[in-house]
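Please open the model in your viewer and keep the sequence beside it. The tour below goes from one selection to the next and says what is found at each stop.

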There are 2 protein chains.
Amino acid sequence: MEKNLKRMATMHRMQTTGLALFYKNGFYNTSVDDILKELGLSKGAFYYHFKSKEDFFISILENLVVRKVYSMLIEPIEGHDNPLDLISNCIEEALQTAEHNENDYGFILNNFLNEFNGRNPQIMKYLNDILKIWEVNLVSSLQKGKFNGYVDRHVDCEGVASYIISSFLGVRTLMVEGSATALRYRYVQQLRFYFKAMANKQIA
Amino acid sequence: MEKNLKRMATMHRMQTTGLALFYKNGFYNTSVDDILKELGLSKGAFYYHFKSKEDFFISILENLVVRKVYSMLIEPIEGHDNPLDLISNCIEEALQTAEHNENDYGFILNNFLNEFNGRNPQIMKYLNDILKIWEVNLVSSLQKGKFNGYVDRHVDCEGVASYIISSFLGVRTLMVEGSATALRYRYVQQLRFYFKAMANKQIA
DNA sequence: AAATTTACCGACCACTTGGTTTGTGCTTTT
DNA sequence: AAAAGCACAAACCAAGTGGTCGGTAAATTT
């Protein structure tokens, strides 16, 4: 176990800078050499730890991306409060950190979904699985909200979840250009307006 | 002018198959040779008509993409009817054609925005300009709707336009995997629900 | 008919790609 | 101290990459 420490450390270093570069330049547009130059390592080191560039990327998804999605988008919406508040606050926060963080890792998924679509089914499956996890959690959160009287009982929870994910993916695409702050502000405002229309009027 | 006909025809052929391949595989992941093989043409032909791969892509944006956006997303929402209906119908139709058309060209913008972001400012400018045109038209359509009593006067037209674009971009990303039809259906339903909440209650 | 231009061919170039292989210093085990 | 394995270096490879360039058949212009 002791001896594995160095191995793990190097692999982790490779993964984090790999993710940063893949996120910045895209997977196909980032060469293994680019990553190694940044790390001061050689080809030998890379192919000692990972069997291919693709394998390397999948390990990044499993070790870094999934966890980030959990901590940023799933854990914050667990609980028994009004899910409409939890979700809108969670998304607002995610967009805020995305704004200030150069390599926010925030929604990498958006970039990668576009890049691998139709080109790499295996990686697409991983990416879609991560999205699915988020979706499932959104749906169950909304359903619980119905049960607890926060959400109007006529609301189509699956539809709302899809709509939330869609708009979030989209706004993350738009936010990359200039006025991210203004855009985030308007986006969150509209999201809350949309949520308000589906709140249970009895309680709210 | 006569002599230009052949030139124009060849260039157009190059542009359409170029767009199809760029859309399918991405810009950086499609080589000039790939396009030429599909066309049965040679390198000489390509660099006779276009001065670079990038120049070629920009010509595609100017000649094909801009027009498609106009005909699919802008012209359909012009008119004096209820903009909320016009817009939701227009988007539904755009998603429908996207569904049935392998190379729908529907929202290529989404893919390319992701691919060129941070990598090619010049092309990004073109892409953002196209988006901006759509946004401006959405805003003015909504404002006219306010004036004509279709849209509640408290509505933030810029915010709504951003939100529409965001969700559209996002749903186009999601639609590439499996169940596009179901997703489109739920998406449009939510969009209409969202629109209903901002309709002017006096008239609607 | 001669001269010139158009539209294209295909070999070639320098360079980059993901990946392999051989070798080597260091640490751990025996 | 010898043997074995670990973590990496560095040279190397075939297959591409965008782009150049000399050539050429056919069409236009003179």
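How many nonpolar, polar and charged residues does the surface near DNA strand C have? In this predicted model, that surface has 8 charged residues, 6 polar ones and 5 nonpolar ones.

**The surface near DNA strand C**

Select DNA strand C together with the 19 residues around it, of which A:Ser31, A:Lys53, B:Arg7, B:Ser42 and B:Gly44 come nearest. Both protein chains take part here, since helix 2 (32-39) and helix 3 (43-49) of chain A, along with helix 1 and helix 3 of chain B, each supply at least two residues of the surface. The most is given by helix 3 of chain B, with 4 residues.

**The surface near DNA strand D**

Now move the selection to DNA strand D, which 20 residues surround, the closest being A:Arg7, A:Ser42, A:Gly44, B:Ser31 and B:Lys53. Two or more residues of this surface come from each of helix 1 and helix 3 of chain A and helix 2 and helix 3 of chain B. Helix 3 of chain A gives the most, with 4 residues, and by class the surface near DNA strand D divides into 9 charged, 6 polar and 5 nonpolar residues.

**A stop at A:Arg7**

Stay with A:Arg7, which is among the residues closest to DNA strand D and which has its place in helix 1 (residues 4-25) of chain A. Is A:Arg7 buried or exposed? With 11 other C-beta atoms within 10 Å, A:Arg7 is exposed, because a residue counts as exposed when 12 or fewer such atoms lie within that distance. If you add A:His49 to the selection, you will have a pair that is 42 residues apart in sequence, while the C-alpha atoms of the two are 8.0 Å apart in space.

**Chain A as a whole**

Next, show chain A alone and colour it by secondary structure, which gives 9 helices and 0 strands. The C-alpha atoms of chain A fill a box of roughly 65 × 40 × 30 Å, taken along the principal axes. Of its 204 residues, 37% count as buried, and among the contacts in chain A with a separation of 6 or more, 63% join residues that are 24 or more positions apart.

**Helix 7 of chain A**

Within that chain, select helix 7 (residues 121-147), whose 27 residues reach 38 Å from the first C-alpha to the last, close to the 39 Å expected at 1.5 Å a residue. The buried residues in helix 7 of chain A are A:Leu127, A:Ile130, A:Trp134, A:Leu138, A:Ser141, A:Leu142 and A:Gly145. To see what covers them, display helix 4 (53-74), helix 5 (83-100), helix 6 and helix 8 of chain A, which are included in that cover. Following helix 7 of chain A you will come to A:Gly149, where phi is positive, near 85°.

**Helix 1 of chain B**

Turn to chain B and select helix 1 (residues 4-25), which has 22 residues and reaches 31 Å from its first C-alpha to its last, close to the 32 Å expected at 1.5 Å a residue. Its buried residues are B:Met14, B:Gln15, B:Gly18, B:Leu19, B:Phe22 and B:Tyr23. If you look down the axis of helix 1 of chain B, these buried residues fall within an arc of 150°, so they line one face of the helix. On the other side of helix 1 of chain B, B:Leu5, B:Lys6 and B:Ala9 are exposed. The cover over the buried residues includes helix 2 (32-39), helix 3 (43-49), helix 4 (53-74) and helix 6 (108-116) of chain B. Just after helix 1 of chain B, B:Gly26 takes a positive phi of about 90°.

**Where the two chains meet**

Finally, bring both protein chains back into view, where 39 residues of chain A are in contact with 39 residues of chain B. On the side of chain A that touches chain B, helix 1, helix 6 (108-116), helix 8 (157-174) and helix 9 (180-196) of chain A each supply at least two residues. Which helix of chain A gives the largest share of that side? Helix 8 of chain A does, with 14 residues. By class, the residues of this side of chain A divide into 15 nonpolar, 17 polar and 7 charged.

As a last step, superpose chain A on chain B, which takes a rotation of 180° with 0.0 Å of shift along its axis and gives an RMSD of 0.1 Å. The two copies are thus related as by a two-fold rotation axis. The same surface serves both copies, as 100% of the contact residues of chain A recur in chain B.

Definitions and conventions: Residues are numbered from 1 along each chain as its sequence is written. Chains are lettered from A and ligands numbered from 1 in the order in which they are written. This is a predicted model: local features need pLDDT of at least 70, side-chain atom pairs count only at pLDDT 80 or more; totals for chains, interfaces and linings use all residues. The expected span of a helix is 1.5 Å times one less than its number of residues. A residue is buried if 20 or more other C-beta atoms lie within 10 Å of its own, exposed if 12 or fewer, and partly exposed in between; C-beta atoms are placed from the backbone. The arc is that of the directions from the helix axis to the C-beta atoms. Two residues are in contact if their C-beta atoms, placed from the backbone, lie within 7 Å. A residue is near a molecule or strand if its C-beta atom, placed from the backbone, lies within 6 Å of it. Ala, Val, Leu, Ile, Met, Phe, Trp, Tyr, Cys and Pro count as nonpolar, Asp, Glu, Lys and Arg as charged, and the others, Gly among them, as polar. Copies are superposed by least squares on the C-alpha atoms of residues with pLDDT of at least 70 in both.
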